[in-house]
Number of protein chains: 2
Amino acid sequence: VRTFKLVLAYDGSDFHGWQIQPGQRTVQGTVEDAIEAVLDTRVRVNAAGRTDAGCHARGQVASFRAESTLPAAALRPVLNARLPEDVRVSESTEVDEGFDARRSATARRYSYRLLDRDDVLLRRIAWYPGVSIELDRLARAMQPLEGDHDCAAFQATGSSKTVTRCCIHRAQWRRWDSGSMLDVVANHFLYHMVRNLVGTALAIADRSDPAAAMVAILASRDRRRAGPTAPPQGLCLEQVFYPEVVRA
Amino acid sequence: VRTFKLVLAYDGSDFHGWQIQPGQRTVQGTVEDAIEAVLDTRVRVNAAGRTDAGCHARGQVASFRAESTLPAAALRPVLNARLPEDVRVSESTEVDEGFDARRSATARRYSYRLLDRDDVLLRRIAWYPGVSIELDRLARAMQPLEGDHDCAAFQATGSSKTVTRCCIHRAQWRRWDSGSMLDVVANHFLYHMVRNLVGTALAIADRSDPAAAMVAILASRDRRRAGPTAPPQGLCLEQVFYPEVVRA
């Protein structure tokens, strides 16, 4: 049995998220179907981040175990020929048998794109919150987040994760062509955390001291103090980090 | 009878172009249906540019004549409530009865977006030609185009337009977030002209003197000397210019 690692990009607009669900079009189900067609065996694919419906990925990482004599590099073109055009495999490699895309990951990078104005061409990959917010104010709201924090205030209500401590390596706002973009890297993320951070930054951006407001919300550990959850379409899993991937 | 002017934005991915065709989903048909639902009368809508299937618009202009007591500004929200999410009205005004979106236009601005690398999230609004081309070489290829020229070499084969002279006010390549973008303004455009210009620029970009190659193709007036037609998804009608629009 060999272990394979795939790097995947997908437009999540027409998927009910990553995770397989009966009767729904999901990325996991679509990828598992393609692998079954190619390797003639049903496998279970694990992903580094289980993206929600409408969320995207440019650098999702998935792993699976299968018996096969196919060279790992050949999986990429062979799977792409089977997959629909809204999912692409950008890399396929063989890895050590201990590798698991989810458990082995040491950090993840997400982006969230805001629009300065409504744009029908970008409505699937970015969100227009109804007003244009100054980048500088968003940056000030986010500045206290870099570091090691208990992020319970940003965890979706009803979520069961008990470890709410996250080490946030980067939380920066910058410009993209059509608005502002959050670029955030952390060792792990709580459920809806990025979307809750974006909703909170927007909610406190016009305060006299957005950074102080963010510090208070973080310290409260209270989801009700934070802002609403930003909608899914602005979110993209850009990259997943691993300590070292040794090819078998 | 009053004359109305609409500014429209649409994602052309799921339309068979602007022009109405029986049994096909077209932008014109969709807009005329929405107007019929709102004003209870069937009108014929004229557009400044009849975009092809898969091409987009941020600033298409359309006009129509109808009897109605509705304030022109109210048309925008009322139509948007009826229209699908891939077509939006960004402005609605009343204009002089002589106004016709197509005939009255004095110039149009189009963009064409190239990708530096394949990107599943942008595949509907930009084109990856399989290689990344240096912006500087594209700019040199395009530089001879600004001015008044016979553009017959860039007109689709079989097209019947007899006036092939175009005054190109601007033909510039610049960067966008994910690649290079052509920004072109002219008094009028021949059928497939922008897509043929892009295909030609790519075809001659690696010549020792791309500008000289473009001059020779232009002078030949021969479609066979120019490059292939770039695919539709990179093209967007950004803006239409009028000499003056007097509100009634």
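Select A:Asp177 first: of the residues of chain A, this one comes closest to the rotation axis, its C-alpha lying at 3.0 Å. The model is a predicted one, in which local features need pLDDT of at least 70 and side-chain atom pairs count only at pLDDT 80 or more, while totals for chains, interfaces and linings use all residues. Residues are numbered from 1 along each chain as its sequence is written, chains are lettered from A and ligands numbered from 1 in the order in which they are written, and side-chain values use heavy atoms, with hydrogens and water left out.

Now show both chains. A rotation of 180 degrees, with 0.0 Å of shift along its axis, superposes chain A on chain B with an RMSD of 0.0 Å, the fit being by least squares on the C-alpha atoms of residues with pLDDT of at least 70 in both copies. The two copies are thus related as by a two-fold rotation axis. The same surface serves both copies, since 100% of the contact residues of chain A recur in chain B, where contact means heavy atoms within 4.5 Å.

Next, hide chain B and colour chain A by secondary structure. Chain A holds five helices and nine strands, these being DSSP runs numbered from the N terminus (helices H or I, at least four residues; strands E, at least two). Along the sequence they follow the pattern β-α-β-β-α-β-β-α-β-β-β-α-α-β. The radius of gyration of chain A, taken over C-alpha atoms, is 19 Å, close to the 18 Å that the globule rule (2.2 Å times the number of residues to the power 0.38) gives for 248 residues, so the chain is as compact as a globular protein of that length. Its C-alpha trace spans about 60 × 40 × 30 Å along the principal axes. Buried residues (under 20% relative accessible area, 1.4 Å probe, protein chains only) make up 54% of the 248 residues.

Then select residues 27-39 of chain A, which form helix 1. This helix of 13 residues reaches 18 Å from its first C-alpha to its last, close to the 18 Å expected at 1.5 Å a residue, the expected span being 1.5 Å times one less than the number of residues. At its N-terminal end A:Thr26 acts as a cap, with a side-chain oxygen 3.0 Å from the backbone nitrogen of A:Gly29. The buried residues of helix 1 include A:Val27, A:Val31, A:Ile35 and A:Leu39; show the surroundings, and the buried residues of this helix are seen to pack against strand 1 (2-10), strand 3 (56-66), helix 2 (72-82) and strand 4 (87-95) of chain A. Finally, select A:Asp40, which follows helix 1 and has a positive phi, near 60 degrees.

Technical notes
Buried means under 20% relative accessible area, exposed over 50%, partly exposed in between (1.4 Å probe, protein chains only). A polar contact is a pair of N or O atoms within 3.5 Å; within protein, one must be able to donate a hydrogen and the other to accept it, and residues adjacent in sequence count only if both atoms are side-chain atoms.
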